[in-house]
Amino acid sequence: MAVKKKRNSKYLMIKDVCDDYGVGRTYCYKLLSEGCISAVKLGGKTLILAESIDKYFSALPAYQPGTRA
């Protein structure tokens, strides 16, 4: 999945993940709570490890037309 990142950083704010990957805040927090992606806290900010979100989206299955998941 080709994603246009706003920053060349090791960490991304939730807002940046949502903008870059086209997902909502709730979905980001769901991925965090399920352990699918990793984050750190900096004060009140939750910073997503860019490597973990990249790994998550890279592992998603390819679209297969005419099949149901």
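Select Phe-57 to begin. Phe-57 is buried, with a relative accessible area of 11%. The cut-off for buried is under 20%, so Phe-57 falls on the buried side. Keep in mind that this is a predicted model.

**Stop 1: the rings**

Stay on Phe-57 and add Tyr-56. Their rings form an edge-to-face aromatic pair. The centres lie 5.3 Å apart, and the planes stand at 90°. Tyr-56 counts as buried too, at 18% relative accessibility.

Now add Tyr-21. How do the rings of Tyr-21 and Phe-57 sit, stacked or edge-to-face? They are stacked, with 4.7 Å from centre to centre and 20° between the planes. This pair links distant parts of the chain. Tyr-21 belongs to helix α1, Phe-57 belongs to helix α3, and 36 residues separate them. Tyr-21 is buried, with a relative accessible area of 6%.

Show Tyr-21, Tyr-56 and Phe-57 together. Ring pairs join these residues into a cluster. The count of aromatic pairs comes to two.

**Stop 2: helix α3**

Select α3, residues 50–58. Which of its residues are buried? They are Ala-50, Ser-52, Ile-53, Tyr-56 and Phe-57. Turn the view to look down the helix axis. The buried residues fall within an arc of 165°, so they line one face of α3. Rotate to the face turned away from that buried side. There you find the exposed residues Glu-51, Lys-55 and Ser-58.

What do the buried residues of α3 pack against? Colour β1 (11–13), α1, α2 and β3 (45–49) to see their partners.

**Stop 3: the nonpolar core**

Next, select Val-17, Ile-37, Ile-48 and Ile-53. The largest nonpolar core has 15 residues, and these four touch the most other members. Three helices each supply at least two residues of this core: α1 (14–21), α2 (25–33) and α3 (50–58). In soluble globular proteins, nonpolar side chains tend to be buried together.

Zoom in on Ile-37. Leaving out residues up to four places away in sequence, which residues does Ile-37 touch? They are Cys-28, Leu-31, Leu-32, Ile-48, Ser-52, Ile-53 and Tyr-56. Tyr-56 is also part of the ring cluster from the opening stop.

**Stop 4: Lys-41**

Move to Lys-41, in strand β2 (residues 39–42). Is Lys-41 buried or exposed? Lys-41 counts as exposed, because its relative accessibility is 55% and the cut-off for exposed is over 50%. Add Thr-46 to the selection. A polar contact of 2.9 Å joins the side chains of Lys-41 and Thr-46.

**Stop 5: the whole chain**

Zoom out and show the cartoon. The chain has three helices and three strands. Follow the elements from the N terminus, and they run β-α-α-β-β-α.

Now switch on the surface. About 5100 Å² of the chain is exposed, and carbon and sulfur atoms supply 54% of that area. How many of the residues count as buried? The figure is 29% of the 69 residues.

End with the contacts. Take those in the chain with a separation of 6 or more. Residues 24 or more positions apart account for 39% of them. Return to Tyr-21 and Phe-57 for a last look at a pair linking distant parts of the chain.

Methods
Residues numbered from 1 in each chain as written. Predicted model: local features only at pLDDT ≥ 70, side-chain atom pairs only at ≥ 80, totals over all residues. Heavy atoms only, no water. Helix = DSSP H or I, 4+ residues; strand = E, 2+ residues; numbered from the N terminus. Buried < 20%, exposed > 50% of the residue type's maximum accessible area, 1.4 Å probe, protein only. Polar contact = N/O pair within 3.5 Å; in protein donor to acceptor, adjacent residues only side chain to side chain. Core = buried A, V, L, I, M, F, W, Y, C linked by side-chain atoms within 4.5 Å. Contact = heavy atoms within 4.5 Å. Areas by Shrake-Rupley, 256 points an atom, 1.4 Å probe, with all protein chains shown as cover. Phe/Tyr/Trp six-rings, centres within 6.5 Å; stacked < 30°, edge-to-face > 60°. Arc of directions from axis to C-beta.
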